[in-house]
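Biologist: Before I rely on any of the labels attached to this model, I would like to hear how each one is justified. Could you take me through them one at a time?

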Amino acid sequence: MRFITYSFLALLWCFLIPCSLIAQNTTNTINGVVKLDEANTLEFASVALFIANTNFVKSTITDARGRFSLKNIESGSYTIRIDYMGYSTYVSEVFNISTSQSVNLPPIILKEENNTLDEVVITKKKQMIEVKADKIIFNVASSPSASGTNGLDLLKAAPGVTLDLDNSISLLGKSNVQVYLNGVQSRLSGNDLTTFLQSLTSDTIESIEIISNPGAQYEAEGTGGIINIRLKKAVATGLNGTAASSFTKGEEYRYSNNVSLNLGLEKLQTSFDITQSYNNNFVGFDDRKQQNNVALLLDSKDNQIRDGYNVGLALESQLNDKHYVGLNGRGIFNIVDNRLNSFTDIFTVQPPELSEILRSQSFADGTSANYLVNGFHLWTLNDDSSIITNLSLGVYDSEQSTMQPNTYFEADGSTVIEIDDAQFDSDTQINLWSAKVDYEKSWDKLSFTAGFKYAQVKTKNNFTFFNVDNQTPVFDPTKSNAFDYTENVTAFYSNLNFKLSEKWSLNTGLRIENTDSRGQLFSEVDTDNNDVSRNYTDYFPNVGLSYDDQDKHSFSLGIGRRITRPNYQDLNPFESPTSQLVVWKGNPFLNPNYIMNYQTSYAFQQKYILTASYSETTDFFSRIVEITGDESTQIIPRNMEKATTLGLSLSFPVTLTKYWGLQVLGNLSRETFTGDVESTVIDIDNTLWNYRIQNNIKINSNLLLDVTFTQRSRWIWRGSVFIKGTQGLSFGIRKDFFDKKLQLRITGSDILRTESEYPYTSDYGGIDLDGIYIADNRRFGLGLTYNFGGPKAESKNVKSGLDEELNRIQD
């Protein structure tokens, strides 16, 4: 059935290509220029087009010469509206445009206004949460309660996003979510991705884009969807900047300091930012596990400390009317210091008695450095077509040394039975680069995109193990290894967007990807799977149909196929101890999983949005806990046969008073996990729901308050562990001073401490498990932001691989 579905979609796409040949109509275009007076033009003015001064059609901004152009306009009657801070809004008279016509408006001169800056800022303020047909945008900069948090904690507050106890991200109940930074895929996973997200701070993040069902223009990677984190970027003529500092306190404290500078010249825009942050994350486990005839009672406390710097630099230049280029880079540097202390009481079940006590510690010190460089070139061939070339380079280096003292005691807790200390070093290096070229062409009723993409990832992982004898580390070659992994992905893709009528449009695309990978294990221990190579080609069709009456009702229907490839950590077959009784082991034969997504959405007045979806994932992989001895277990990724998710989401605003409004988002889903994993049958289902109520209260023009309540039902972790539902209450207060140049923020998260403990249970593969996971979620904080320099204007919306084509950039 799945093969028939996407084969039909591929055939439909191929059938539609000839149809494009009949759509070579000349586009309708509206051109104009905005001026301050007869001699001086105005850059960055906002230009909006309306149907007869009522329904919004599209918008743009003026270039360095004050010019603007609106393309692909239907025949009809229109008005133009132009806004710029400090000047009166301009609204044109109604004018007509007919088929195959280019309208050149007379020069538009704006007049200075006497309104205060406060009035302008309120008009242009973004909503905290924007719900659109294809994505949800969480505008972090508009949320008083977001201050002082890191990128990982910020995702927990994003609508539709959940994190499990491994910090794995799910979106609307679907796992294997791809994370991007400014349109560039991070390519990190596991602890490396956690460290990367914790290095970001909310004071430097502009918004989080949540795309649950990406269309054909996006990468095929990521069965759960895409989360794109956009950092703040604002360039105006002249020099301006921001200085910010924040502090939060829970069980432990965290802080960050940031300075950003922006310079805008006639032909050049540049920006620089640097952030220093300290994060002390406390995690506790109170755990009971029974396997074979042994019961283990664990009391664990872990402090994960990270101290780091995040530095970014960007340059963009309008060379001439045809060419726009940009280069940006970012370096993220971290020092990691983790301290784990745990006690495990070991009982025999029959007869029930305490046999021994294990005190296990883990001290991990390390450093990591992540470098990202991206360059793009936009070549505007004419009013209807362009070529975008993009090159991305990335390097990730991580070095970590871990000491694990382990002591077994008699039941009295003082008599030593055995000391078994260990030490190991783990080093990781990831080198990646990608290049792509896109061609875009538009006509009156059709737009066409085609492109080529090549991406390569090389990882080198070294694990060196030492047995500690009388405090002297002795190298153990039987427990040491090196693992190299190379992956090459070549992609060809094309997308057609048809304007069927004024209300209906059809989008169809096809992506073809070839993956060539090789994983090599180098070890003193002979294994049967030390060199695994794969080569496979996949087709990813996508079809979307949408309706918009430009008034109250809009509707969309989408079908698409996607893939998630295993990461290098999951493919490394060697064992890596996480504690004395638990080891991590990769699976070199882990298959990629594939998903078919079906989604439909309805929106009323673009405010009340209802979405229904169904997804079916084959070869779903999850981290499974398996018994390896009387007391020991291993965590290993395994493929399950299938996972399904049937979901329904609803979002709507509620206006209580002129100064008090609500934004409500709710999700309901039914998920199933089935398969035979190493002769253990898994057949689990669960009904999952969560909702979020965000109160936005405007006390006066300079004082804002938001209060958020969230609740989440029982959910499934690692495909076999049930986590009890939680609820939480958070708040944020923002006060502006000195004409909004200085901003003070007071925040509180999980203030009732109802979202800091997660009870869990499981009965799988001969392991009976229950316990409580404890997180440092109740926190109170203080933040300050100071804006200096001239007023900021929006930077140019360049169609580049780093921006609008964000998710085409992959490893």
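Modeller: Asp531 has a relative accessibility of 37% and therefore counts as partly exposed, since that term covers values between buried (under 20% relative accessible area) and exposed (over 50%), computed with a 1.4 Å probe on protein chains only. This is a predicted model, in which local features need pLDDT of at least 70 and side-chain atom pairs count only at pLDDT 80 or more, while totals for chains, interfaces and linings use all residues. Residues are numbered from 1 along each chain as its sequence is written, and side-chain values use heavy atoms, with hydrogens and water left out.

Biologist: What makes the contact of Asp531 and Arg518 a salt bridge?

Modeller: The term requires a side-chain nitrogen of Lys or Arg within 4 Å of a carboxyl oxygen of Asp or Glu; for Asp531 and Arg518 the N to O distance is 2.6 Å, so the pair qualifies. Asp531 lies in strand S32 (residues 531-548) and Arg518 in strand S31 (residues 504-523), so the bridge ties together parts 13 residues apart in sequence. Strands here are DSSP runs of type E with at least two residues, numbered from the N terminus. Arg518, at 38% relative accessibility, is likewise partly exposed.

Biologist: How many salt bridges does this rule give?

Modeller: The count comes to 18.

Biologist: Why is Arg288 called partly exposed?

Modeller: Its relative accessible area is 23%, so Arg288 falls between the two limits. Asp770, at 26%, is partly exposed as well. The side chains of Arg288 and Asp770 meet in a salt bridge of 2.6 Å, N to O, and this pair links distant parts of the chain, with Arg288 in strand S20 (residues 268-291) and Asp770 in strand S49 (residues 767-775), 482 residues apart. Arg288, Asp768 and Asp770 are linked in a network of salt bridges.

Biologist: Are Lys740 and Asp736 buried or exposed?

Modeller: Lys740 and Asp736 are both buried, and they form a salt bridge whose closest N and O atoms are 3.3 Å apart.

Biologist: Which strands form the open sheet with mixed pairing?

Modeller: Its 4 strands follow the order S34-S35-S39-S38, where two strands pair if DSSP finds at least two bridges between them. Strand S34 (575-577) and strand S38 (621-627) are the edge strands, as each pairs on one side only.

Biologist: How do you know that S34 and S35 pair?

Modeller: The antiparallel strands S34 and S35 (residues 582-585) are joined by 3 bridges, so the requirement of at least two is met. Pro577 has Val583 in S35 as its bridge partner.
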